Amino acid sequence: MTRHLVIGGGTAGMNALRTIREEESERSEVTLVSAERPYSRMVLPYYLDRSIAESHVFTATAAVLAEWSVKTHLGRRAAALDTRAGVCTLDDGTKIAYDDCLVATGSSAVRAPVPGADGRGVHSFWTLDEARGVLAHIAPGSHVVMIGAGFIAFTILNSILALGARLTIVEIAPRILPRMIDPTGAELVEAWLRRHGVAVRTGAAVTRIEDRGPRTRLRFKGGSDILCDVVIMATGIRTNLEWLAGSGVRVNRGIVVDERLRSSVPNVYAAGDVAEGRDLVTGEPAIHAIEPTAQEHGRVAGANMAGRDATYRGSLLMNIVEVCHLDVASFGAWDDPGAEAFTAVRQERPAYRKLLWRGDRLSGALILGRSSDVWTTNDIGMLKGLVQSGSSLAAWKEHLRGNPFDVKPAFIASRTTATLLPLTLLGRAAKAPGNTPVAV
Amino acid sequence: MRVLKLTPDKCTGCLRCELACAYMQTGEFQPAKSVIRVSPFEGHTSYAPYTCPQCAEGWCMTACPVGAITITAAGAKDVLDDKCVGCKLCTIACPYGTMFYDPDTRKAFKCNLCGGAPACADACPTAAITYEEVATADWIGDFARERAARVLAAR
């Protein structure tokens, strides 16, 4: 019986695991090693604002894993991979022999190297444990300071406000969301935040974090101190790859994978944040540390591990975050400085569109608009479809130059639906997640 | 599987489908909450309805981090309200622009074929929307392309 080993119980690992069971022609042995019980990081903000119970975050219960006949090593981390012998050693010394394995060990939060960053009142928000820590410390009226104004910080912004806390965002860069939106969009979001009572300090370098009894004091290089109740550091993530040192698996920025999600070692696959695979739009190797890429990587790797020959066209960079009922989304090569770009702003709504081109095809897009605006939501999907399909918009390019908001007729008349309909990730219709409380 | 077949040449732009859909989906006669949308063409002289094609991949379904989108007995992809957390991942994963988000309930919603008796098809007085045993298709692309060509040429 083939022995599959999945290392990492996050999105990529769980999608792979489920796909192995969907695709295999004969029953195999599947082992899961995961430092934490499998849960979805995407939904932690909703646990933080108490709109869902903690039980809602788990993506596979023990019963479901048993139903799928998965041997589990939960609470354990992989410590070393001997690719010659086909053995993975865990942090407690357990050795697991495999025929093929998937590395899906994800990322961890990194704190800025500031004195006091490891202090009592300073939190990260990345794991479930960290989410519990933040939740325990925020009360109505608390003053929360978020250090870092990137995507992760913004995913919990609404939750913090919903808990009745006062929020200050501190960013060392000259503007917010530097890796998700351009300066024009960032300016609109910043103005919107101020309108909603959020204080924003950009270009602000924290020099020291001091424990002041129940409170915490932040000192800055220039600018007045801030005394607050809770500090959340959302200053970036780092892929969990150190443990692969000496394994022979080729690592560039991430584990270099081919179109079958295979690493330089043929029976070792990689998926999700740790994998450096093909970017759908540029064709270049890239790390897309986002949920949809982890899902697709996991499914393609799982299908190949199960004996299918599944090739992957590449992952599409995409993000969406809602900021006080304002949606901000980005697709593809939205920050390509060499691309031809059409932009349009409507300050009063506010609304913003940026379309980036490679010839007569969209290579990237930015979109900003109110969540209550159906037009925004529809355009978000259609822009994704246009970038994903690479539909020719030759007939529409001049029209869109004049009005970048008029995406819908271009989408429909370019017959993008016809291009998209035959596309599937695994060459077959996707299967429903089923009636179990399983989210994979 | 039966799907919503759209015949744009028959659409008069009366918007009854939007009203019927919004009422069925949300209990409100509010076209803004309809998941079938009628678009005007050629300066509002012709119209076409557009809705979820119930694609094979189900990009919304595979993207959902909590398994809140499933396939109903009618074959439609549908959002389970008690599982949806409102993260909007489905709205960026769906390449057709046919996922919706209700800011009041903080849930995503979409065409679920009304459990096998679509209100839009029922409400359509001209059979521009029919519920039939056919393969899903790009029903309105050619119609739109032909009309758009005239508008774009007139620029």
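This passage looks at aromatic rings, charges placed over rings, a surface patch and a strand hairpin in a predicted model.

Aromatic rings make a good starting point. A pair of such rings is described by two quantities, the distance of the centres and the angle of the planes. Over all chains, the structure holds six aromatic pairs. One of them is formed by A:W375 and A:F405, and this pair is tilted, with 5.5 Å centre to centre and 45° between the planes. A:W375 belongs to helix α9 (residues 374-389) of chain A, while A:F405 is found in the loop between α10 (397-402) and α11 (407-413) of chain A, so the pair ties together parts that are 30 residues apart in sequence. The two partners can also be described by their accessibility: A:W375 is partly exposed, at 30% relative accessibility, whereas A:F405 is buried, with a relative accessible area of 3%.

Another aromatic pair is found in chain B. The ring centres of B:Y23 and B:F29 are 4.4 Å apart and the planes meet at 5°; the pair is therefore stacked, since planes under 30 degrees apart count as such. B:F29 sits in the loop between α1 (16-26) and β2 (37-41) of chain B. With a relative accessible area of 58%, B:F29 is exposed, because it passes the cut-off of over 50%. B:Y23, at 45%, is partly exposed. Both residues also take part in a nonpolar patch on the surface, where B:L19 joins B:Y23 and B:F29. Together, the three residues of this patch have about 320 Å² of accessible area.

Rings can have charged neighbours too. The ring of A:W375, already met in the tilted pair, has the charged end of A:R353 sitting over it, 5.4 Å from the ring centre. A contact of this kind also links a residue of chain A with one of chain B: the charged end of A:K384 sits over the ring of B:W59, 4.7 Å from its centre.

Finally, we can turn to strands. In chain A, strand β4 (residues 78-82) and strand β5 (residues 87-90) run antiparallel and are joined by four bridges. Within this arrangement, A:A78 stands opposite A:L90 in β5(A). What do β4(A) and β5(A) form? They make a hairpin, with four residues between the two strands. In the turn, A:G86 has a positive phi of about 70°. As background for viewing the strands, side chains in a regular strand alternate between the two faces of the sheet.

Terms used. Residues numbered from 1 in each chain as written. Chains lettered and ligands numbered in written order. Predicted model: local features only at pLDDT ≥ 70, side-chain atom pairs only at ≥ 80, totals over all residues. Heavy atoms only, no water. Patch = residues over 30% accessible without salt bridge, like charges linked within 9 Å, V, L, I, M, F, W, Y side chains within 5 Å. Areas by Shrake-Rupley, 256 points an atom, 1.4 Å probe, with all protein chains shown as cover. Salt bridge = Lys/Arg side-chain N within 4 Å of Asp/Glu carboxyl O. Phe/Tyr/Trp six-rings, centres within 6.5 Å; stacked < 30°, edge-to-face > 60°. Buried < 20%, exposed > 50% of the residue type's maximum accessible area, 1.4 Å probe, protein only. Lys NZ or Arg CZ within 6 Å of the ring centre and 35° of its normal. Pairing = 2+ DSSP bridges.
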